[in-house]
Amino acid sequence: MKVEDIKKVLVVGAGTMGHGIAEIAAISGYKVYLSDISQDILNSALERIRWSLSKLRERGQIKESIDTIMSRITTILGLDKTVSDADFSIEASTERIDIKRQVFSKLDELLPSHAILATNTSSLPITKIAEATKRPDKVVGMHFFNPPVLMQLVEVMKGDKTSDETAKITYDLAKRFGKQPIMINKDVPGYVVNRILGQINVASCILVEKKVADYREVDAVARYKLGFPMGVYELIDYTGVDVAYYVSKSREELGIRDDIPICSLIEQKFKNNELGVKTGKGFYTYPGPGKYVKPELPKELADKLNPVLILAGAVNEAARLLREGIASRDDIDLGVRLGLGLPKGIFQYADELGIDSVVKALEDLKALSGYSVFSPDPLLTQMVGENKLGIKTGSGFYTYGKVEEKKLNTLIIRIEPPLAWIILNRPERLNALNPELVSELDKSLDELEGRNDVRVVIITGNGRAFSAGADVSSFITLRPIDVIRLRTLRNVVNKIALYTKPIIAGINGFALGGGLELAMACDIRIASEVAQLGQPEINIGIIPGAGGTQRLPKLVGKGKAKLMIYTGDMVSAEDAYKMGLVDLVAPANRFEEEVRRVALKIAEKSPISLLAAKLAIELGYESNIWIGQTLESTLFGLLFTTKDVEEGVKAFLEKRKPQFKGE
Ligand code: NAD
């Protein structure tokens, strides 16, 4: 059989999933039998389908009339000979192995021998269901997500005896339904996406149980640092604490989580009948039962916990699935994006976080919990051994541009596409800005500006300092006219201010005098929590000379700028953040990772629109609002001539990530 031969589709079970699957099949032009054991449920399923079709029609997502689509669906109470001309059946009955086996044995009896029998089970082994039939080669998992009409992903999974042909036809049918299928080659209960989500939940539970973080901190990191649409506990509240409880219970029975007991936090909530949104209280409190309001989470809560701890277990699981040939890298990542709504695949996250950091986090989680599931997968340890650490070494689960490192006299230039790091490298002098350093910086900026593979530049310092400022030792011999002519630092600072790529100052330690002036010209300042910032020129009888008296008041206001400049006192990173002098503060022990994370996020955007945004902000800020707005609207209009806008809009409509080329 080929997918073209499928004309009639039978859906068994007309509940939450079944009615949606029947709707999709009918929209895609198939004749549909929809079966259930209750006439009331069948009637309500037809109403729900009609309602959903009316919404799709309002949004212009279907062209045919509602009646035409509805006319393709025939409801059937129970199962009888009427369905014996179905070519493909999708079972979405109650999640119980005895019920499913009964249904499958009946289907085997009624349906023609060429028909494929798919199950939408979430957690039961396909192989066990197939045993109830005489055609185990034609039994397959076809896992839709809720609501099937809106969710793009379908996981196709083979049981032990499922033939390649059956899997392929099922995959093709999912495509004909307008879905994005992924292929799972072995029967692993839970498929791919829920197994990975399960590991995110396990790690999140341990972090709270062992008091590494509280549940709001876990959620804040998930939302703000990892870009999840919902925090981990927020999602549990949303889908129901009872659901999480029963899923864990059934997983225990299926041996998915060998040594992992049910999460005590979930068990506690379950026993207190605090089931989440549905009861009005779970981990968070809602206005009333069934009334969902997004829980408020201050951004600062995301600062303490290392994000890799939430994802390491999931990466480990994904690595195992990949190593054992259960699913491909691209399918796993696609599944995670479409099934969980994450902005990136799990392997993309891993490459960004660094495979070495993932392995270290797994060791930490194992030490905390004692669970062997956190033993790093051989694939991960092998990657660490081969220095395949992800983006920072140019290869991990994916391959990136080659990492190049160039050592100049006073700088290290690290090109790690799409990022370039300029590392001020006179650590013994706290990276003081001598003429050679300034000149090398100037030239390096020019070189990097011309490279298409570099999307974002980061300036940071080696050792304890970002830069402690100008080299004072050279001052003593200077005449006033020499100082005025000493334009070099000023020129570099101005070059940075209007540079055509985003520049981030990664303020790893002291940023004083000229060092702070350099940082202030950058687009974004990220400070390590140990950084100290100041304009101490007044202490030797001078004032800032590379824009400090101009940029500082614009960032922090005149009063605070004067306080800093008049006293020459240093401020901590935290105070600098409160004043608006730095834009983010990151923990010292993962400073580089945090800077990289922010930089990579920016590097994904269109370089042209980033430049347009920068120019509109910088030039608008220095003129009046009328000129600024005119500039903005002109740039706005010009962007519509770019290929990047075309790509951006297209990707948005196709619900995928855009690939901007800067054209
Ligand atoms: P549901 O309870 O809403 O629907 C199940 C339906 O099956 C009910 O209407 C019931 O009357 C009917 N049924 C029971 N025995 C039957 C039989 N012998 N013949 C015909 N119909 C029968 O459940 P649901 O949420 O739609 O889940 C259905 C299946 O889909 C389960 O296997 C579940 O694990 C899976 N699933 C659910 C979700 C989800 O989010 N709800 C997501 C993916 C997969």
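Mentor: Let's start with the ligand in this predicted model: helix H4 gives 3 residues to the shell around the ligand, the largest share.

Trainee: Which elements give two or more residues to that shell?

Mentor: Helix H1 (16-27), helix H4 (97-110) and strand S6 (139-144) do. In total, 21 residues surround the ligand, and Thr16, Met17, Asp36, Glu95 and Lys100 are the closest.

Trainee: What makes the pair between Glu95 and the ligand a polar contact?

Mentor: An N or O atom in the Glu95 side chain is 2.5 Å from an oxygen atom of the ligand. The cut-off for such a pair is within 3.5 Å, so the pair counts as a polar contact. Lys100 also brings a polar side-chain atom to 2.7 Å from a ligand oxygen, and for Asn120 the distance is 2.9 Å.

Trainee: How much of the ligand does the protein bury?

Mentor: The ligand exposes 820 Å² when taken alone, and the protein buries 77% of that.

Trainee: How do the shell residues divide by character?

Mentor: There are 8 nonpolar, 10 polar and 3 charged residues in the shell.

Trainee: Moving to the surface, why is Tyr292 called partly exposed?

Mentor: Its relative accessible area is 31%. Buried means under 20% and exposed means over 50%, so a value in between is called partly exposed. Tyr292 is therefore partly exposed.

Trainee: Where is Tyr292 found, and which residues form the nonpolar patch with Tyr292?

Mentor: Tyr292 sits in the loop between helix H11 (264-271) and helix H12 (308-323). Leu235 and Tyr238 join Tyr292 in the surface patch, with about 270 Å² of accessible area together.

Definitions and conventions
Residues numbered from 1 in each chain as written. Predicted model: local features only at pLDDT ≥ 70, side-chain atom pairs only at ≥ 80, totals over all residues. Heavy atoms only, no water. Patch = residues over 30% accessible without salt bridge, like charges linked within 9 Å, V, L, I, M, F, W, Y side chains within 5 Å. Areas by Shrake-Rupley, 256 points an atom, 1.4 Å probe, with all protein chains shown as cover. Salt bridge = Lys/Arg side-chain N within 4 Å of Asp/Glu carboxyl O. Helix = DSSP H or I, 4+ residues; strand = E, 2+ residues; numbered from the N terminus. Buried < 20%, exposed > 50% of the residue type's maximum accessible area, 1.4 Å probe, protein only. Near = heavy atom within 4 Å. Polar contact = N/O pair within 3.5 Å; in protein donor to acceptor, adjacent residues only side chain to side chain. Nonpolar A, V, L, I, M, F, W, Y, C, P; charged D, E, K, R; others polar.
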